[in-house]
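Let's take a casual walk through a protein model, stopping at a handful of residues and at a bound ligand. Have the structure open while you read.

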Amino acid sequence: MTLHRITLNDGADLDGFRRAVRRLIADELAPQHVIFTITDEPDLFGHESEGEAPPVSLPRALGDMIGLVVCHRNPERYALLYQLVWRVLNGERELLDIPSDPLVHRLDLMARAVRRDLHKMHAFLRFRRVGGEHLERFVAWFEPEHFILEAAAPFFVDRFRSIEWSILTPLGSLHWDRETLVLGPSACREDAPTEDGFEAGWLGYYESVFNPARVNPKAMRAEMPKKYWRNLPESAAIAGLIQTAPQRVEQMIEQESTMPTKRKPERALDAMWDQEPKSLSALNAVIAEAGPLVPGATQAVFGEGPAHADIVFVGEQPGDQEDLQGRPFVGPAGKLLTKALKEAGIDRDKVYLTNAVKHFKFEQRGHRRIHSKPTAGEVKHYRPWLMKELALIRPKLIVALGATAVLALTGKQTPISRSRGRAMFGDVNGYITVHPSYLLRLPDEDTKRQAYEAFVADLSHIRDLAKADLKTGELPLAAE
Ligand code: URA
């Protein structure tokens with residue numbers, strides 16, 4: 001009998017393989033009479049001329065295995081899978097339940113390798129921001145072992161539905177424009193940006209969540225092979241952290257022995273931490289570990305700016321863009337704030353920007369995530385962290401942007417119209433003004449312009465207050 005040749009496309013050609021299996025089974029062609037070859041020049045019309053054969057019913061577990069193994073890089077993958085399909089359809093229906101069978105064993109190993117590769121892509125891929133103020137895209141470079149791009153796509157579309165992104169790999173690329181996913185050609189590392197403005201943030205975050213007592217370089221390498229390190233901003237910190245881990249463990253043990261054993265009941269803060277954070281990065285690690293109070297946020301968004309800034313601006317909560325980028329005030333309200341600060345002669349990089357609530361809360365409407373105002377209970381939940389943050393920074397002036405910030409700083413609901421202007425937050429000088437998103441919501445251009453000018457005037461006043469020799473009070477801030 002002559003050999004029947006099946007040519008499939010390069011990569012994971014699941015559709016092509018399915019079509020081939022239907023035809024081969026309909027023609028009763030046993031695996032020994034079939035050879036599978038792979039081409040990188042697809043024959044666009046070949047399949048249609050053969051005509052569609054009737055569907056083949058396979059056990060679900062076999063369907064799952066096929067979905068994974070077609071992604072494997074081994075050129076024998078289709079031939080091995082067809083052997084398995086043939087045997088299952090010819091009297092060995094329970095074959096997959098026999099892990100010791102050499103064919104099942106081999107295919108199982110291949111499926112696991114693909115699953116592992118998918119996991120690594122989900123965990124270690126990092127988007128970098130490209131483009132200007134108006135055209136914002138995110139690009140990531142990743143080097144998968146296998147042809148997993150299409151299989152990994154739903155994860156990224158689900159998670160990053162509302163931003164435009166591209167994932168570039170040597171085995172093809174994916175491009176999402178908030179509506180459509182397009183599969184593109186292979187790319188090289190040079191096509192992707194190597195860093196963005198938040199590189200330092202990733203590093204700081206990684207350092208803050210790194211637990212020296214748990215360090216196990218062998219396990220780290222097994223879980224995160226070195227080839228992925230190049231693409232991870234935080235990898236710059238790994239070698240140093242491993243090297244200094246033993247000293248840091250000793251320090252931790254020493255610190256622990258000096259900790260008071262009895263907690264004072266009146267201090268709510270003490271109850272929250274086994275070891276009270278002594279730095280902003282330690283505090284942020286606590287917040288990150290606690291996770292969102294209301295599920296949904298991508299990540300905690302920490303305060304940003306010099307650790308001992310003169311002025312701290314407190315907003316409400318991160319928005320959609322802040323949640324995705326992991327930085328405060330980078331969305332539309334943040335851009336307006338940055339512009340107003342500049343007009344008032346305040347350098348955004350010299351002040352500290354933070355939020356009363358550290359996670360984005362939203363309502364999903366179709367593809368859009370609509371901001372949802374935090375409740376008083378939620379503000380209260382995050383308040384000890386804000387207080388600790390301020391106590392660590394010890395600013396000269398605290399600025400409350402909007403009513404949620406005032407509630408967080410004073411514990412009281414106060415309309416901005418009545419409290420706008422100078423204030424005291426505990427013993428610290430403060431200032432209350434509107435939230436920049438209020439300006440964005442105003443209906444007509446005239447009102448908007450006037451409100452914006454008043455906001456810039458407030459910021460100019462804030463600039464002067466911070467320059468003046470203000471008497472600073474005792475921290476931590478005792479509100480109420
Ligand atoms: N609004 C806020 O209150 N904070 C942000 O970080 C962004 C928008």
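In which helix is E150 found? Look at α6, the helix that runs over residues 149-159, and you'll find E150 there. Before going on, keep in mind that this is a predicted model.

How much of E150 can be reached from outside? E150 has a relative accessibility of 49%, so it counts as partly exposed. The cut-off for exposed is over 50%, and E150 at 49% doesn't get there. E150 also has a partner to look for: L181 is 31 residues away in sequence, while the two C-alpha atoms are 9.9 Å apart in space.

**Strand β14**

Next, go to β14, a strand made of residues 428-433, where I432 is found. Its relative accessible area is 5%, so I432 is buried. Try tracing from I432 to V314: that's 118 residues along the sequence, but 9.8 Å in space from C-alpha to C-alpha.

N429 lies in strand β14 too. With a relative accessible area of 8%, N429 is buried because the cut-off is under 20%. The side chain of N429 isn't on its own, though: there's a polar contact of 3.4 Å with the side chain of R422.

**Two loop residues with a positive phi**

Here's a bit of background on backbone angles. Most residues other than glycine have a negative phi. Now check E28, where phi is near 55°, a positive value in a residue that isn't glycine. E28 is found in the loop between α1 (14-26) and β2 (34-39). At 65% relative accessibility, E28 is over the 50% cut-off and so counts as exposed.

R394 is another residue other than glycine with a positive phi, this one near 50°. You'll find R394 in the loop between α15 (376-393) and β12 (397-401). R394 has a relative accessible area of 49%, so it is partly exposed.

**Around the ligand**

Which residues surround the ligand? They are G315, E316, Q317, P318, E322, P328, F329, N355 and H435. Sorted by class, this shell has three nonpolar, four polar and two charged residues. The space the ligand takes up is the second largest pocket.

Some of these residues put a nitrogen or oxygen atom close enough to the ligand to list a distance, as the table shows.

| Residue atom | Ligand atom | Distance |
|---|---|---|
| Q317, backbone N or O | nitrogen | 3.1 Å |
| F329, backbone N or O | oxygen | 2.9 Å |
| H435, polar side-chain atom | oxygen | 2.6 Å |

How much of the ligand does the protein cover? On its own, the ligand has 240 Å² of accessible area, and the protein covers 93% of that.

One of the residues around the ligand, P328, leads to a last stop. The backbone oxygen of P328 lies 3.1 Å from a polar atom of the side chain of R348. R348 is found in the loop between α14 (332-343) and β9 (352-355).

Is R348 buried or exposed? R348 counts as buried, because its relative accessibility is 16% and the cut-off for buried is under 20%.

How values were computed
Residues are numbered from 1 along each chain as its sequence is written. This is a predicted model: local features need pLDDT of at least 70, side-chain atom pairs count only at pLDDT 80 or more; totals for chains, interfaces and linings use all residues. Side-chain values use heavy atoms; hydrogens and water are left out. A residue is near a molecule or strand if one of its heavy atoms lies within 4 Å of it. A polar contact is a pair of N or O atoms within 3.5 Å; within protein, one must be able to donate a hydrogen and the other to accept it, and residues adjacent in sequence count only if both atoms are side-chain atoms. Accessible areas come from the Shrake-Rupley method with a 1.4 Å probe; for residues, only the protein chains shown count as cover. On a 1 Å grid over the protein atoms alone, a cavity is a set of points where a 1.4 Å probe fits but cannot get out, and a pocket is an open set with protein on both sides within 12 Å along at least five of seven lines; lining residues have an atom within 4 Å of a point. A molecule sits in a cavity or pocket if more than half of its atoms lie within 2 Å of its grid points. Ala, Val, Leu, Ile, Met, Phe, Trp, Tyr, Cys and Pro count as nonpolar, Asp, Glu, Lys and Arg as charged, and the others, Gly among them, as polar. Helices (H or I, at least four residues) and strands (E, at least two) are DSSP runs, numbered from the N terminus. Buried means under 20% relative accessible area, exposed over 50%, partly exposed in between (1.4 Å probe, protein chains only).
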